[in-house]
Amino acid sequence: MAVASVVASATFSCSCVNRATRNHQRLKSTVGQCHSVKAMQMEKPLEELYNVRVERRVSSQRLAELGVSRWSVWKTGKCKLPWDWQVDQLVYIEEGEVRVVPEGSQRYMSFTTGDLVRYPKWFEADLSFNGPYQERYSFRAYGDDC
């Protein structure tokens, strides 16, 4: 009795477009030979890339647990300023909105009233405020989790 093995190569179609003439061309190809297939690039959220943690619409119970009412207050109006964090900082936004553009990035994170944000030590960014803004803040020791 003879045993035969069959090796099949997967075949699929690729569609290529000549950008100059807008002509479409269908190609029949085997796996690994179609160079026109591109992977979709997914960008990670900036919060994940820069280790900035945010809790949205924080409950009054959570605020009491953290003792937010005893934290220092910082206020500003419409402005833009560079900022760097020498220590971890926990911020609760009481009024307004801030856009945070990490150094070297074209993208921004947006935090608004009711958000609790933890900025990591050595993080650098430009902060933009489009109007009145008030936050309560607390500096955190390394490894001090909330």
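These entries record what I looked up about two sheets in a predicted model.

Before starting, I noted that residues are numbered from 1 along each chain as its sequence is written, and that side-chain values use heavy atoms, with hydrogens and water left out. In this predicted model, local features need pLDDT of at least 70 and side-chain atom pairs count only at pLDDT 80 or more, while totals for chains, interfaces and linings use all residues.

Entry on the sheet of 4 strands. I looked up the strand order and found an open sheet that reads 5-10-7-8, with antiparallel pairing; strands here are DSSP runs of E with at least two residues, numbered from the N terminus, and two of them pair if DSSP finds at least two bridges between them. I then noted the edges, strand 5 (79-84) and strand 8 (109-112), each of which pairs on one side only. From one strand to the next the twist averages 25°, taken between axes that are lines fitted to C-alpha atoms, with angles that run from 0 to 180 degrees between N-to-C directions. Within this order I followed strand 7 (residues 97-102) and strand 10 (residues 124-129), which are antiparallel and pair over 5 bridges, and I found Pro102 opposite Ala125 of strand 10.

Entry on the sheet of 5 strands. This open sheet has the order 3-9-6-11-4, and its pairing is antiparallel. I located its edges at strand 3 (53-55) and strand 4 (72-76), each pairing on one side only, and noted that neighbouring strands are turned by 25° against each other on average, direction ignored. Strand 3 runs antiparallel to strand 9 (residues 116-119) and is joined to strand 9 by 3 bridges; there I recorded Arg118 of strand 9 as the bridge partner of Arg53.
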